Amino acid sequence: MQKILLMYACLFLGLAGVAGQGGASETSFLDEIKDIQENFDSRAVENVRPVTRETVLAKDQFNGRPFRVLTRKNEINRFKCSNCHTDKAVAVNQGVELTHGSISLNHGREGQALACIDCHHPEERDYLWDKKGEKIDFDHSYQLCGHCHFRQKRDWLGGAHGKRVANWAGERVIYNCASCHDPHSPRFEKRYPATYSPPLDR
Amino acid sequence: MKSDNSSGKSGCSCSIGTARSDRRSFLKGLSIAAAAGSAALATGCVPSVEAAAPEKMKLRWQEFFKDNYRLMTQEEKEATIARLERLAKLQDDLDIQMSSDPPIDRVLYGYAFNISRCEGFMECVSACVRENNLDRKTNTQYIRIFEMEPGKLDPSTGDGRYYHKVPVENKFYMGTQCFHCENAPCTKACPTKATWMEPDGIVVVDYDWCIGCRYCQAACPYYGRRFNWGKPEIPKDEVTTRQHYLGNRIRPKGKMEKCTFCIQRTRAGRLPACVEACPTGSRVFGNLLDPESEIRFVLKHKKVFRMKEELGTEPKFWYFID
């Protein structure tokens, strides 16, 4: 009886071995990768140069992980807005200088173009606001953009839209919406490429 | 370097007399002895400041007899790096910092390219040329961007030589470079084992073991490799001085070269130059072994494909659509 069992065991192991070998040629390294559940702490990578640009901790998280975004307020030339936007009257001869003549608004579909106060808070001038009336900080404008561009925001949180700043390792710092897109005219303008390619030499 | 010098002088006769059976070690001893001897001849046995030319010659001799990178010990790697740094100073008056940073544990690099975001600005190409010290004379480029007709997914049908305002309506843009195949055909074609895949997935070339036969170029189904017909010519103020032995160091003449995912940057936790330069965020780079990385997010949530997947080369470079 024991002998028969042993024979069966041997046969079974042999078959399993053959099946394993046969299957190996069909598998991809990706299967092994997908099986990895253990997290990799990219902050533990040594000698990563920290990002030198100004950043702020984002109010959103991705899969429970905090991340940082580039600040926006330090990029706005005349911030704070409330420096000018007061109740005080403005002399007419300063009008050209003080109004935002340089901004050409090209945001929103045709027929549904956005106006200033669709994003800018009409009372609290140093803030944006959303359609629910919530105040939104300029550094956290992704909270506002995501109301319409929710697909892009989902991708941005995960990393398929936008990109990280400087490092793939270390603390996660990503570009803010307005770091790349001009919020008043978010589409990139047409321009000549940075360089050209010579013909292939084959 | 210094210890080599002293042993070379004393070993002038003995290295030949007590020659071990190994041909390589015999030649090595002979070369050092010859270099030291000629140095002594030129300077009259007195070390002087004007010994720069013999020093260069000695360094080049020693360089000639070094091992394949994969067979070097850490000391040998440091020694060759010291020699190459010194040679760059002597030959081209360049102050470079070369590294031999090893792969990072539990890291396998992967790359994704968003064909619905790329607008063909080619900032990546010029950043790559600068970062990797590519030859400006022949305009060598590791990356190519193709302007594609809608519905086509094979870059050979696209226009790789466009120069007009981009993006053009109803076209899309597709970039190619070395895909760092997990099952790379190029490494199998090399007769001198001068190219291989590192543990972190980067396919590299040991420029000093490459004999320039270009078998690997013929074996690559993606046109990922470039042959240099001369030592790269770069304006001196544009040379990237932070270099890696397997990466962007200035290649000797007649070698095969290619994208290394900017090994000098990525092994220090930085993004490759093309990713950092991309103005549209079409390029995603990260660690495939990290389930929380950006590249894994793309693979999990986006429609991805790889070029010529049926060849079984397993590129670690995916194209994706928003």
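Chain B of this predicted model has 10 helices and 12 strands. Of its 322 residues, 44% count as buried. Plenty of its contacts reach far along the chain: among those between residues at least 6 apart in sequence, 62% join residues at least 24 apart.

**Two domains in chain B**

The domain assignment splits chain B into domain 1 (2–99) and domain 2 (109–321). Where they meet, 12 residues of domain 1 of chain B are in contact with 14 residues of domain 2 of chain B. On the domain 1 side, the elements giving two or more residues are α4 (74–92) and β1 (97–99) of chain B. The top contributor there is β1(B), with three residues. By class, that side of domain 1 of chain B has six nonpolar, three polar and three charged residues.

**The sheet and the helix across it**

Now for an open sheet of four strands in chain B, with the order β10-β2-β12-β11 and mixed pairing. Its edges are β10 and β11 (303–305) of chain B, each of which pairs on one side only. From one strand to the next, the twist averages 30 degrees. Strands β2 and β12 of chain B pair in the parallel sense, over four bridges. N114(B) stands opposite F320(B), a residue of β12(B). Helix α10(B) lies across β2, β10, β11 and β12 of chain B, and runs at about 110 degrees to β10(B).

**Helix α5 and the core**

The largest nonpolar core has 72 residues. In general, nonpolar side chains tend to be buried together in soluble globular proteins. Which residues have the most contacts inside this core? They are A112(B), C124(B), C128(B), C274(B) and V298(B). Helix α5 (residues 123–131) of chain B brings the largest share of the core, five residues. The core also draws at least three residues from each of domain 1 (2–99) and domain 2 (109–321) of chain B.

Which residues of α5(B) are buried? C124(B), V125(B), A127(B), C128(B), V129(B) and E131(B) are, so the list takes in a charged residue, E131(B), by the classes used here. The cover over these buried residues includes β3 (144–148), β4 (172–176), α9 and β10 of chain B. C124(B) shows this kind of packing at the level of one residue: leaving aside neighbours within four places in sequence, C124(B) is in contact with I143(B), G175(B), C274(B), A277(B), C278(B) and R283(B). After α5(B) comes N133(B), whose phi is positive, near 55 degrees.

**Where chain B meets chain A**

The contact between the chains takes 46 residues from chain B and 38 residues from chain A. On the chain B side, α5, α9 (273–277), β10 (283–287) and α10 (294–301) each supply at least two residues. The residues of that side divide into 20 nonpolar, 12 polar and 14 charged.

Here are the two sides described by class:

| Side | Nonpolar | Polar | Charged |
|---|---|---|---|
| Domain 1 of chain B, touching domain 2 of chain B | six residues | three residues | three residues |
| Chain B, touching chain A | 20 residues | 12 residues | 14 residues |

Several elements turn up in more than one of these settings. Helix α5 of chain B gives five residues to the largest core and is among the elements that supply at least two residues to the side touching chain A. Strand β10 of chain B is an edge strand of the sheet, and is part of what covers the buried residues of α5(B).

Terms used: Residues are numbered from 1 along each chain as its sequence is written. Chains are lettered from A and ligands numbered from 1 in the order in which they are written. This is a predicted model: local features need pLDDT of at least 70, side-chain atom pairs count only at pLDDT 80 or more; totals for chains, interfaces and linings use all residues. Domain bounds come from an automatic or database domain assignment. Two residues are in contact if their C-beta atoms, placed from the backbone, lie within 7 Å. A nonpolar core is a set of buried Ala, Val, Leu, Ile, Met, Phe, Trp, Tyr and Cys residues joined through C-beta atoms within 7 Å. A residue is buried if 20 or more other C-beta atoms lie within 10 Å of its own, exposed if 12 or fewer, and partly exposed in between; C-beta atoms are placed from the backbone. Two strands pair if DSSP finds at least two bridges between them. Axes are lines fitted to C-alpha atoms, for helices over the stretch in contact, and angles run from 0 to 180 degrees between N-to-C directions.
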